[in-house]
Amino acid sequence: MISDSLCAVLSIPALGLVSLVAACASNTPPSDSSATPKETKAVTGTVAYRERIALPADAVVQVQLSDVSRADAPATVIAETTFTAAGRQVPFPFELRYRPDRIEPNHTYAVRATIRGEERLLFTTDVAHHVITRGNPDEVSLMLVSAGGGTQPPSEAGDLSGTSWQLEDLGGAGVIDNSMATLEFPESGRVAGRGSCNRFFGGVEISGESIKFGQLGSTRMACPEAVMNQESRYFQALEGAERYTRNGDELLVYVQGFDKPLRFTRMTQ
């Protein structure tokens, strides 16, 4: 082997120069120009539902891994995969790759999934499937529930039209006593109510059990800070609403990123 000191010699005979240079080059450490990609890990599992219903040809499956630590803010998506059923039926395997350096040990992470087809929501997760941190697994089996579109034709907003509801629980956070947050459906396609302090109004689309609120407008009264904070969380929750269920005088509105639904009781007219 040719030593580094020899390679450093400045005055060498011309004869054999080429072979000496080649030998020196062979001693040069390899360049670190190709950086190693950051390490990734994965959450894996399956997506299925219990109903014996074939999916339409255009069905699209979406699975997301999100940070759901803050109940008063929308979930932060960490990883996502979307694919078409392409004639296949459940169960569908999935893999969500994520970077460990984006994971906080004291945060809570959950996987959720939806299946859409024929321009509407067909199936969705209705419970939080926690993963990664706090002793939770890296593999989950998601059992979706019908959002209405998979088992019955779309219904009109008249299902709720003319009803008024009082908020009893804001996604597991309760509500401030006497704050009177409400949800009203004065006519088909319209929504109104009280946010906790201010009155609000806007549009709503309901198909089966799927519900989506349009941009909400509101008055601009000032109230105590705690009441205003609750109102802000309530409005954010409505913006993320995906589906609802109604059981007599109880109304549950399920919100993306919330472990528990918004719970309402019917108000007498």
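What follows is a short chat about a predicted model, covering its disulfide, its salt bridges, its nonpolar cores and one threonine.

Reader: Let's start with the cysteines. How many disulfides does the count come to?
Author: The pair to look at is C197 and C223, with S to S at 1.9 Å. A disulfide needs the sulfur atoms within 2.5 Å, so this pair qualifies. The count comes to one disulfide.

Reader: Which parts does the disulfide tie together, and how many residues apart are they in sequence?
Author: C197 sits in the loop between β11 (190-194) and β12 (199-207). C223 sits in the loop between β14 (217-218) and α3 (225-239). So the pair ties together two loops, and the separation in sequence is 26 residues.

Reader: What is the handedness of the disulfide between C197 and C223?
Author: Go by the torsion about the S-S bond, which is about 75 degrees. That makes the C197 to C223 disulfide right-handed.

Reader: Is C223 buried or partly exposed?
Author: Its partner C197 has a relative accessible area of 7%, so C197 is buried. For C223 the relative accessibility is 27%. Buried means under 20% and exposed means over 50%, so C223 counts as partly exposed.

Reader: On to charges. Which residue forms a salt bridge with E242, and where does that residue lie?
Author: Side chains of opposite charge can pair when their charged atoms come close. For E242, in strand β15 (residues 241-247), the closest N and O atoms of the bridge are 2.5 Å apart. The two ends are 130 residues apart in sequence, so the bridge ties together distant stretches of numbering. The partner is R112, in strand β5.

Reader: Are E242 and R112 buried or exposed?
Author: E242 has 14% relative accessibility, so E242 counts as buried. R112 comes in at 13%. With the limit for burial at under 20%, R112 is also buried.

Reader: What about E184: which residue meets it in a salt bridge?
Author: E184 is in strand β10 (residues 182-184) and its partner is in strand β12, 15 residues apart. E184 is buried at 18% relative accessibility, whereas the partner is partly exposed at 39%. The N to O distance is 3.2 Å, and the partner is R199.

Reader: And how far apart are the closest N and O atoms of R97 and E95?
Author: R97 is partly exposed, at 43% relative accessibility, and E95 is partly exposed too, at 44%. The structure has five salt bridges in the search, and the one between R97 and E95 has its closest N and O atoms apart by 3.3 Å.

Reader: Now the inside. Which residues of the largest nonpolar core touch the most other members?
Author: That core has 28 residues, and β1 (41-49), β2 (60-67), β3 (76-84), β4 (92-98), β5 (109-117), β6 (120-124) and β8 each supply at least two of them. Take L142, whose contacts beyond four places in sequence include V47, V63 and V111. The residues touching the most other members are V47, L55, V63, L65, V111, I115 and L142.

Reader: How many residues are in the other core?
Author: It lies apart from the core just described. Its members include W165, L183, V191 and V255. The total is 25 residues.

Reader: Last one: which side chain makes a polar contact with the side chain of T163?
Author: T163 is in the loop between β8 (139-146) and β9 (164-170), and at 4% relative accessibility it counts as buried. Its side chain reaches the backbone oxygen of L160 at 2.5 Å. The side-chain partner, at 2.9 Å, is W165.

How values were computed: Residues numbered from 1 in each chain as written. Predicted model: local features only at pLDDT ≥ 70, side-chain atom pairs only at ≥ 80, totals over all residues. Heavy atoms only, no water. Helix = DSSP H or I, 4+ residues; strand = E, 2+ residues; numbered from the N terminus. Buried < 20%, exposed > 50% of the residue type's maximum accessible area, 1.4 Å probe, protein only. Polar contact = N/O pair within 3.5 Å; in protein donor to acceptor, adjacent residues only side chain to side chain. Core = buried A, V, L, I, M, F, W, Y, C linked by side-chain atoms within 4.5 Å. Contact = heavy atoms within 4.5 Å. Salt bridge = Lys/Arg side-chain N within 4 Å of Asp/Glu carboxyl O.
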